[in-house]
Amino acid sequence: MAVHKRAYRPYEGPLTAERARFLVLPRYGLLELFESRLLTVFCVLCFVPILIAASAIYIAYSPAARALLEMSSAPDYVRKPDFFFAILTFQGGLAFLLTAWVAPVLISPDLVNGALPLYLSRPLTRVEYVLGKATVLLTLLSAITWAPMLVLFALEAGLAADGWGPANVRIAAAVCAGSWVWILVLTLLGLAISAWIRWRVVASGALAGVFFMGAAFGEMWREVLNTSWGRLTNLYYLVGLVWRSLFGLFTDRSVAQEMFNERGRDLPTWAAWAGLAAAVTLSVWVLERRLRAREVVS
Amino acid sequence: MGPVIELDRLVVRLGGRTILDGLSGALAGRAIGLLGPNGAGKSTLINTLLGFHPAASGAVRVFGADVREQKALRRLIGYMPESDAFISHMTGVRFVRYMAELAGLPPQAALERAHEAFFYVGLGEARYRKLGTYSLGMKQLAKLAQAIAHGPRLLLLDEPTNGLDPPARQRMIRLIREIRDAGQMHILISSHLLRDVEETCEEVVILREGRIAAHCDLETERRSNRKFVELETAGSATSFTTAVQGLGAECAFYPNGHGLARVKVVLPDEVEMRELFRLAAMHDVQIRRMNYRRDSLEDIFLAAMKEKGGAGGRP
């Protein structure tokens with residue numbers, strides 16, 4: 001029978017697993033995102049620093065490559081935590097740019113089009129909705145931070161063959177933990193802004209504003225009042241402190257100190273954790289307030 | 001057959017106001033109309049059925065279970081909201097497939113059902129167009145398609161003919177009737193248009209100020225309602241009305257002068273209309289004009305709006 005002549009018939013086929021159903025959201029989300037060539041190109045470019053780092057590791061352990069490049073000795077910086085810290089810092093910046101690009105299109109179109117009641121009228125809770133949307137960002141950000149960095153770590157451990165890997169497991173742990181802290185902050189903040197601001201460009205701008213204005217405010221506060229506490233509004237600085245503590249980079253003069261401790265007036269690490277936790281809590285509160293099937297006007 | 005929806009002293013408060021005030025009743029019809037003036041609580045009741053609003057007290061059950069407690073129950077519900085609700089940059093078929101997958105259908109089955117649903121509502125040719133380019137009528141039909149694609153057992157339609165031109169409205173009404181007559185799902189239609197409900201529903205709940213003002217089975221009402229006849233006569237109205245009263249009818253006449261009169265008759269169900277003509281001929285009375293009508297949903301609605309304090313219903 002022609003499809004258009006069929007009468008309505010109930011569905012009696014199999015159903016997907018209830019717990020995994022929220023994964024429909026990221027599947028559709030990612031497919032839509034990668035319809036944009038520009039985003040695809042940007043995502044590819046995000047792997048360039050990783051490739052450069054992998055090349056550096058390879059060169060450090062390959063006499064033939066060093067000879068080809070006329071390098072007299074093997075650089076040992078690739079064996080230090082600072083090397084991975086620097087890569088994480090760079091990839092963390094790229095992760096921010098990717099979030100500013102992707103996050104605004106995740107929730108705001110559903111709110112603009114009034115689609116939220118349709119989602120929530122199905123067997124999908126608000127938490128699952130957020131989890132599904134967050135999975136889009138979690139996937140993308142993981143793909144450019146901890147996942148390739150663990151590959152770098154494995155490459156280094158494999159090439160070193162002198163027990164470097166087991167001796168530096170902390171680096172791998174720091175990469176994972178540090179990445180996930182940043183990914184969590186970016187994801188929740190991005191989703192909260194997407195839920196708060198309905199226009200994509202404005203939402204991207206707002207996300208950038210949270211970071212850059214926060215950093216500017218923190219520095220201004222520091223200069224005027226001669227106190228570092230204003231830096232609590234500088235999320236990139238806060239996560240840098242957390243990363244440093246995770247990598248164990250507080251004691252020696254290092255790349256980390258050059259980047260984050262130019263005046264030796266850092267905030268304590270607990271304050272950095274608390275600042276990030278506050279940002280996460282605020283984001284969750286915004287999501288809780290904004291993501292309702294029906295708005296109730298009191 | 002058990003009730004589809006059970007309301008047990010349901011109270012819903014929103015923003016400090018009581019919107020639904022102690023609703024009780026069991027709705028079991030194949031097509032249930034939810035009527036009431038603006039602000040009566042129709043949409044709030046639908047949102048409560050969907051689990052969007054919590055009950056301040058009392059309970060609401062769909063197929064015997066609480067929607068807020070049993071998430072899986074929502075798979076059995078299809079919802080067509082009143083306002084625009086779609087994803088404008090998606091094609092129609094992709095949108096409906098997406099929604100069907102969220103309801104638990106595997107991707108392949110969801111795609112198949114999305115195509116079927118689009119053809120079923122008459123948008124087959126437009127299914128690859130982006131929803132943002134649809135006209136208002138097409139958007140309404142696309143909303144209906146997403147509501148039925150996953151094969152629900154209860155379809156909640158919130159003002160389904162809102163903003164539709166007459167042909168589109170007729171099309172929507174025809175679809176609702178078809179779905180009702182297919183007998184696969186129950187339908188709850190919230191509307192402030194009495195005609196829509198009258199044409200599609202067999203059971204009606206009328207809300208007023210958050211309370212049930214009337215709850216009736218339309219078919220029973222139609223059967224039991226009396227026949228009203230208004231006549232314009234020439235001749236001896238007195239003897240004619242006496243004869244009509246002899247049939248067991250209620251009758252009154254109002255002389256208009258020049259031998260003309262207006263006669264109002266309420267006929268018992270068992271009395272045929274031709275009896276009036278027979279008596280008129282017998283008493284040499286001319287029937288110059290006749291208006292005949294049965295009690296309509298409008299009468300029921302107006303009576304419910306006039307009654308004070310709400311009601312448990314007429315049946």
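Q: When are two residues in contact here?
A: Two residues are in contact if their C-beta atoms, placed from the backbone, lie within 7 Å.

Q: What kind of model is this?
A: This is a predicted model, in which local features need pLDDT of at least 70 and side-chain atom pairs count only at pLDDT 80 or more, while totals for chains, interfaces and linings use all residues. Residues are numbered from 1 along each chain as its sequence is written, and chains are lettered from A and ligands numbered from 1 in the order in which they are written.

Q: How many residues does each chain bring to the contact?
A: Chain A brings 34 residues and chain B brings 42 residues.

Q: Which helices of chain A supply at least two residues each to the side that touches chain B?
A: They are α1 (24–33), α6 (108–112) and α7 (116–120) of chain A. The most comes from α7(A), with four residues. Helices (H or I, at least four residues) and strands (E, at least two) are DSSP runs, numbered from the N terminus.

Q: And how does that side of chain A divide into nonpolar, polar and charged residues?
A: It holds 20 nonpolar, eight polar and six charged residues. Ala, Val, Leu, Ile, Met, Phe, Trp, Tyr, Cys and Pro count as nonpolar, Asp, Glu, Lys and Arg as charged, and the others, Gly among them, as polar.

Q: How many helices and strands are in chain A?
A: Chain A has 15 helices and zero strands. Its C-alpha atoms fill a box of roughly 80 × 55 × 30 Å along the principal axes. Of its 298 residues, 40% count as buried; a residue is buried if 20 or more other C-beta atoms lie within 10 Å of its own, exposed if 12 or fewer, and partly exposed in between, with C-beta atoms placed from the backbone.

Q: At what angle do α3 and α9 of chain A pack?
A: Helix α3 (residues 48–61) and helix α9 (residues 146–160) of chain A pack at about 5°, with their axes 10 Å apart. Axes are lines fitted to C-alpha atoms, for helices over the stretch in contact, and angles run from 0 to 180 degrees between N-to-C directions. The helices α3(A) and α9(A) are therefore roughly parallel to each other, a term for angles under 35 degrees, with over 145 as roughly antiparallel, 65 to 115 as roughly perpendicular and the rest as oblique.

Q: Which residues meet there?
A: From α3(A), I50(A), A53(A), A54(A), I57(A) and Y61(A) meet residues of α9(A) that include L152(A), L155(A) and E156(A). The contact of α3(A) with α9(A) has 10 nonpolar, no polar and one charged residues.

Q: Turning to chain B, how many helices and strands are there?
A: Chain B has 10 helices and 13 strands. It is divided into domain 1 (5–222) and domain 2 (227–294), with bounds that come from an automatic or database domain assignment. The C-alpha centres of these two domains of chain B lie 46 Å apart. Buried residues make up 46% of the 315 residues in chain B.

Q: What is the strand order in the open sheet of six strands?
A: The order is β5-β6-β7-β3-β8-β9 (chain B), with mixed pairing. The edge strands of this sheet, β5 (77–80) and β9 (211–217) of chain B, each pair on one side only. Two strands pair if DSSP finds at least two bridges between them.

Q: How many bridges does β6 of chain B make with β5?
A: Four bridges link β5(B) to strand β6 (residues 154–158) of chain B in the parallel sense. I77(B) stands opposite L154(B) in β6(B), and G78(B) has L155(B) as its bridge partner. Five bridges join β6(B) to β7(B), again running parallel; there, L156(B) stands opposite L188(B).

Q: Why is β6(B) largely enclosed?
A: Five of the five residues of β6(B) are buried, so the strand is largely enclosed by the rest of the structure. L154(B), L156(B) and D158(B) are buried on one side, and L155(B) and L157(B) on the other.

Q: Which strands does helix α5 of chain B lie across?
A: Helix α5 (residues 166–182) of chain B lies across β3, β6 and β7 of chain B, at about 150° to β7(B).

Q: Lastly, what is the phi of R9(B)?
A: Phi of R9(B) is near 50°, a positive value in a residue other than glycine. R9(B) is in strand β1 (residues 5–14) of chain B and is exposed, with 12 other C-beta atoms within 10 Å.
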